[in-house]
Amino acid sequence: MLLLRCWQRPSNVTKNPGLHRLVGCQPRVSIAMNYKAGMDITEYPSDEQVQDKPGANDFHGTANAIRVICMKGRSREAIGFLNSMKPHGFAGDCAAYVALLQECIKLKSLAEGKQVHLCIIKVGLHLDVFLLNNILNMYAKCGSLDDARQLFDKMPKRTVVSWNAVIAGYIQNGVDRKALELFCEMRKELGLRQTSYTFASVFKVCARLVDLEIAKQVHGVIMRSGVDLDVCGRIALVDMYAKCGSIEDARQVFDEILERDVVLWTAMITGYVQHGLSEEALQLFEEMLEEGVSVNQFTIASVLSACAVGDYLEKGQQIHGKLVKTGSKPDAFVASALVDMYAKCGNLEDAHKVFDRMGEGDEVFWTALITGYVQHGFDNEAFQLFKEMQCAGLKPNQFTFASVLRACVSLMALERGRQAHAHIIKVGFELNLFAGNTLVDMYSKCGSIEDAKDVFYKIPKPNVVSWNAMITGCAQHGLGRDVLKLFQEMQLEGIKPDHITFVGVLSACSHAGLVDEGRRYFNSMSSNYGVDTRLEHCACMVDILGRAGLLEEAECFIRTMFLQPNALVWRTLLGACRVHGNVEQGERVAKCLLMLEPHHAGTYVLLSNMYASAGRWDQRTEIRNMMKERKVRKDPGCSWINIRNREHIFVMGDRSHPQIDEIYTNLESLTRQMKEAGYVPDTDFVMHDIEEENKETFIGEHSERLAIVFGLMSTFSGIPIRVFKNLRVCGDCHNATKLISKIAAREIIVRDANRFHHFKGGLCSCGDYW
């Protein structure tokens, strides 16, 4: 039994002689009166105030005292007071118990809530429907759904409030499917009329599940039942349709509502923003102003988000200007939206000005600026801001970490990614689904597929995004069989594959040379899995056939496919023609490409290299001259390596690095060892018409070799080296790197424009098929 804690202190007993009689005798009216007057719990009545015999008013006063203590937020003392009065015949009333239950909800105190429930049973009020509904509400909001459902199922009579309490409890605790099941049971209950509150709750479930079919069914029930939705219900209905992907239905509902308040307008504007329809969102905002509806901070934030999504910098500046002219200082919510708008529109200077003027913001504020820097390629500046955020004592959220990890991917900075992962574990986000998915993606793209797998298998309930990240990651690393195994596991777990899943599966088949499997998965996408074929899937199929040398079949596939082929599809085939040296077909394909994208450098480069490989130097020169005439520029080939959080970039024949002399000395030594091991440079990969003796020097100074040598110089023995290249690795460098991995006894991971190559012990993970 709980007692008032202050009654248990000997000092209080000494100071208050009447306390002995108060605990041991009948309750006194004076106690209740003192509480009602706001008296402190440690102030007790004197002996003169204590009466000898209780009356009916004493119990009424005690009930009032309990309610007053609850109003002061001291539920534990109120329960102690209640327990101390029970031996004197006090049973309490409904209002006192409701007050106690409400306090238990505020404190999320399930233990005290169960004590109140026990008291209600002991005094015989356990059949009161009003009290039972409040107990249900307490259990649901304290997270004890089993207790709530057990009580609900035993209730002899259940009202709409009873059903709503349990449904709301399921929703608040993320058990959406059970909430829908109970809603369906509620509909079957004879004579039971569902309320606007019921439907508003179910709308939230549909929005979270992003299930348009169920959403429309629930809306249909409303139409048939004749329930008149209140304001909250209408807002939830608009929000549900928007989040379920049907912005047209959301707008139709919005237009049918005659009395629209600021919350409803804002919900519709936000829906447009979520669908990337910035222009429609801004137009609706103008209509809102024309109708004289006053905006709030959420409206302003949504409109600024529309400006950010649609790159409407001028409009965003106008809104900011109006805020300044009215003299209203933006709150943290609007200020974060301003920073986000300026950052996403590329105006990082003004984003930083707003950030600086607000002084110490919250984590959302900092995250908006960090994300802006990452989106515009200022990754190192983003890392610096992240450090400052931590120094300011703020706890990063999952979106902060997502932006930081994206910066790691941009810089291919694996060590920084690992540091961020350690911080994620420290703040308790390791098992967070969003953080887990981002980590899998980061590790895969930074070249550590084993770390990606380790994170993936620790995610408690991976969703389709998790599986896609792992499948795509394995595909990029050429682990075709692993991808097919993951795809089977995904289906066994009941996760439905989507179009991204099949891009990963088909890409894996391409890199691993699994032609028959690729055909089978491509043909079964629509019929077996209900996934519509997209151009990305067609490009993967062309790549599967092209890499296998089935060039005529690949071209036939393109010319007969039901989708109009785009430049990506044709360029994939041109790349295959280049690899297999089919100049005639390559010329035919290049003509189709140049009609679609006359200024894309890739087409000219592939055709030029094809002519060079065939020794047709005059035609190669024509292509190069055509590029100059049309002002088409190609990005120079480069490779980079990250050492101790610093990026080192190399180009072919580079002489700019501070340690370049040492790099070339080590490269010459390594080349001698390679030749002793049987290496013969393949000068066919030199795309320049130069003397044969110069070709060997030319190919020996390719950017990836300089980066690899620098990695060997800068890291300890046994540590894997990760090099990234913006072009496809040439055949000679591929052979050379295999030998280097054996001579240096190092694992060398090279990420080129297409995939990862893992070199170890003189072999490559691609099996020389790339």
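How many of the five residues of strand β5 (residues 756-760) are buried? Four of the five are, so the strand is mostly covered; buried means under 20% relative accessible area with a 1.4 Å probe and protein chains only, exposed over 50%, and partly exposed in between.

This is a predicted model, in which local features need pLDDT of at least 70, side-chain atom pairs count only at pLDDT 80 or more, and totals for chains, interfaces and linings use all residues. Residues are numbered from 1 along each chain as its sequence is written, and side-chain values use heavy atoms, with hydrogens and water left out.

Select β5 first. Strands are DSSP runs of E with at least two residues, and helices are runs of H or I with at least four, numbered from the N terminus. Two strands pair if DSSP finds at least two bridges between them.

Next, add strand β4 (residues 748-751), which pairs with β5 in the antiparallel sense over four bridges. Pick I749 and look across to H758, its bridge partner in β5. Four residues form the hairpin connection from β4 to β5.

Then add strand β6 (residues 763-764), antiparallel to β5 over two bridges. K760 has L763 as its bridge partner in β6. The hairpin of β5 and β6 has two residues between the strands, and G761 there takes a positive phi near 60°.

Last, select the cysteines. The structure holds zero disulfides (pairs of cysteine sulfur atoms within 2.5 Å). For C446, the nearest cysteine sulfur is that of C408, 6.3 Å away; C446 is buried at 0% relative accessibility. For C538, the nearest is that of C540, 9.2 Å away, and C538 is buried with a relative accessible area of 2%.
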